[in-house]
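Trainee: Could we go through this structure together, taking one question at a time?
Mentor: Yes, let us look at it first and then reason from the atoms.

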Amino acid sequence: MQFGNLAGLINGTEQVIYDSGDLGAAASSLATGSILNGDADGWYLVIVRHVSGATSTTVYLQPNGDSTSSHYGRKGIYCSGASAADNSTAGTEAGYNVGYGPTTGDVSFTVIRIYAKSGTVRMAYALGTWGQAGSTVTSVFPYGLVWTDTAANITSFTLYSNQTNGIGVGTRLLVLRPTAFTGGTSTGAITTPYIKGSWVRVGSQIVSGSAASSITFSGLNGNTDVLYYLHVAYKAAGSEAHGIRLNSDSGDNYKGQYVYASNTSVAAAQVTTGWNRMYLRNNGATTGHYGTHNMMLFAKSGYVRSAHLTGPQDITGTTITEINLMGDMWTNTADNITSVALVDNAANMDIGTQFELYALRPNG
Amino acid sequence: MQAKLNPQGAIAGDSTSTKGKISFPGFQKVLDFTSAGNESSVSCTVSGDADKEYKILIRNLNGTYNIYLRLNATSTGYGYQSLDNNSGSVSAGRDNATSIEALALTTSICDVTLVTPSSLLKTAIMCSAAYSSGTTIDRLYWRGYVYNSTANITSLDFVPSGGTFASGTRITVLARRS
């Protein structure tokens, strides 16, 4: 049986259970309400696009609204400018730290994975890119987090600001959970192209015939899709320097902060000029080498479009030349994203290179 | 109407049934394992060429042993490049003769994106944060892995580095199914 789009709880998927929408008024806190059951759900994926409503704003995600600073800790590698350094706290923060805006209007984009089941401390892993404004991406930041409460069932999350009205207009909070729905009425087999609130593939292309210089997905609607997840697996036919270009914009409108590790070296840098795409790596891959990228992009217009991406690069045999982590930004705030292209300097994306695009579409 | 649907189509006691089976091009749960404390491994049968990517989520409650991920039950042919924060010291390293495909540190949360494209090498990017005590996380490991093979991946095998999984350890795998 072929169905159109489906909405509802689908066992075995990960679906949006809460979506604040783009906030229309600044707030000091934003709560999901008691809609969660951490003991039953297990894992949560929380996506925060924070628009700072005040200067020096830090935003926290609080399980059950717990603001007790002695309950939280984190350890990360904070990468800003040329620095990649330890950034850790223990017992000093009012929640899981999920963003920082030094100036009003700054954008942060953080994705946090939480294991919510009680019985032990609640740990989380987060990847953020913070302080995006003008031509600057201030940081990219992988980090681990802990909430020391071992007993309480998590029934809600609260996004909390340390500044009055620090959660600015445009902020958006989404919570996804794995669905284990066992009720309802049995059906026949069903095939559907799309389920509301789930990551669903909207395109897949594999280079064949000859090496390519670009791969494009067009006919998109970023304002409806809201979030994209991009996956690239490449083989280099020559020196590569590929990146993501939005709406065919080849202007100097892409900025970033990156860090990479190569053997025992660590290097970081901020890019404020000279990019005509979101580069997926900071230097060229060698002919015949492999690599992969995974990227999450907040696509909805109204603010700069934030992304972070990561992946092992320039691989031959069992040697990975480097791993890259990048926080990126497209400075265009107005245009609806209608195309996403993987673009190389030359036709050096070899046969077998794969590019896939997923959309979340929280509103169906 | 709320229908009873499941991407794998399996109904308890009737694994061959297509009743309630739903097909869609997205991430679907293919393994959700919670340890009783006596298992020395857990495996998941897959087809990497078709799926291309897996999201692997691990909460390791064992304070002594890491958890390894091995592909096709193979323990050789792997390499990694790391960027770690170990008790406040940030460092990088590489190993191209390791027998470990990926690992969840002791008492950690671990997030792995495993990419298994047809005809290309298999790679993973992994982050593991390990808990110490109180409000202290003592280690953050961020690593890229490669498995030097273009063969189809047919199994994901999770193995403690010693003994058995700790009771309550959770391993969840989401596959990109089309």
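**Strands, cores and rings**

Mentor: In this predicted model, Ile215(A) faces Leu342(A), which belongs to S25(A), as its opposite residue.

Trainee: How many bridges join S16(A) to strand S25 of chain A?
Mentor: Strand S25 covers residues 340–343 of chain A, and S16(A) runs antiparallel to this strand. Ile215(A) and Leu342(A) stand opposite each other across these strands. The number of bridges joining S16(A) and S25 is 4.

Trainee: Which strands of the open sheet S16-S25-S18-S21 in chain A stand at the edges?
Mentor: The sheet is open and consists of 4 strands of chain A with antiparallel pairing, in the order S16-S25-S18-S21. An edge strand has a single partner strand, so one side of it is left without a neighbour in the sheet. The strands that fit this description are S16 (214–217) and S21 (278–279).

Trainee: Which strand gives the largest share of the largest nonpolar core?
Mentor: The largest nonpolar core has 35 residues, and those touching the most other members are Tyr228(A), Leu230(A), Ile244(A), Leu246(A), Met278(A) and Phe355(A). The largest share of this core amounts to 4 residues, and it comes from residues 227–235 of chain A, that is, from strand S17.

Trainee: How many residues does the second, separate core have?
Mentor: This core includes Trp43(A) and Val259(A) from one chain, together with Leu83(B) and Ala92(B) from chain B. Its number of residues is 34.

Trainee: Is Leu227(A) buried or exposed?
Mentor: Leu227(A) has its place in strand S17 of chain A, and among the residues that it touches are Phe109(A), Trp199(A), Met296(A), Phe298(A) and Tyr358(A). Ile47(A) is also one of its contacts, although these two residues are 180 apart along the chain, with their C-alpha atoms separated by 9.8 Å. Because the relative accessible area of Leu227(A) is 0%, this residue counts as buried.

Trainee: Which cysteine has the sulfur nearest to that of Cys127(B)?
Mentor: The structure holds 0 disulfides over all chains, and for Cys79(A) the nearest cysteine sulfur, that of Cys127(B), is 11 Å away. Cys127(B) is likewise in no disulfide, and it is buried, with a relative accessible area of 2%. The nearest cysteine sulfur to that of Cys127(B) is 7.7 Å away and belongs to Cys110(B).

Trainee: Why is the pair of Phe141(A) and Tyr143(A) assigned as it is?
Mentor: Both Phe141(A) and Tyr143(A) are buried, and they form one aromatic cluster with Tyr78(A) and Trp130(A). The ring centres of Phe141(A) and Tyr143(A) are 4.4 Å apart, and planes under 30 degrees apart count as stacked. Since their planes are at 20 degrees, the pair is stacked.

Trainee: How many residues apart are Tyr78(B) and Tyr147(B)?
Mentor: These two form a stacked aromatic pair, with 4.7 Å from centre to centre and 25 degrees between the planes, and both Tyr78(B) and Tyr147(B) are buried. The pair links distant parts of the chain, with Tyr78(B) in strand S7 (residues 78–86) and Tyr147(B) in strand S12 (residues 136–147) of chain B. Their separation is 69 residues.

Trainee: Which residue lies over the face of Tyr80(B)?
Mentor: The distance to consider runs to the ring centre of Tyr80(B), and it is 4.3 Å. The residue lying over this face is Arg143(B).

Definitions and conventions
Residues numbered from 1 in each chain as written. Chains lettered and ligands numbered in written order. Predicted model: local features only at pLDDT ≥ 70, side-chain atom pairs only at ≥ 80, totals over all residues. Heavy atoms only, no water. Core = buried A, V, L, I, M, F, W, Y, C linked by side-chain atoms within 4.5 Å. Buried < 20%, exposed > 50% of the residue type's maximum accessible area, 1.4 Å probe, protein only. Helix = DSSP H or I, 4+ residues; strand = E, 2+ residues; numbered from the N terminus. Contact = heavy atoms within 4.5 Å. Disulfide = S-S within 2.5 Å. Phe/Tyr/Trp six-rings, centres within 6.5 Å; stacked < 30°, edge-to-face > 60°. Lys NZ or Arg CZ within 6 Å of the ring centre and 35° of its normal. Pairing = 2+ DSSP bridges. Lists of a residue's contacts leave out its neighbours within four places in sequence.
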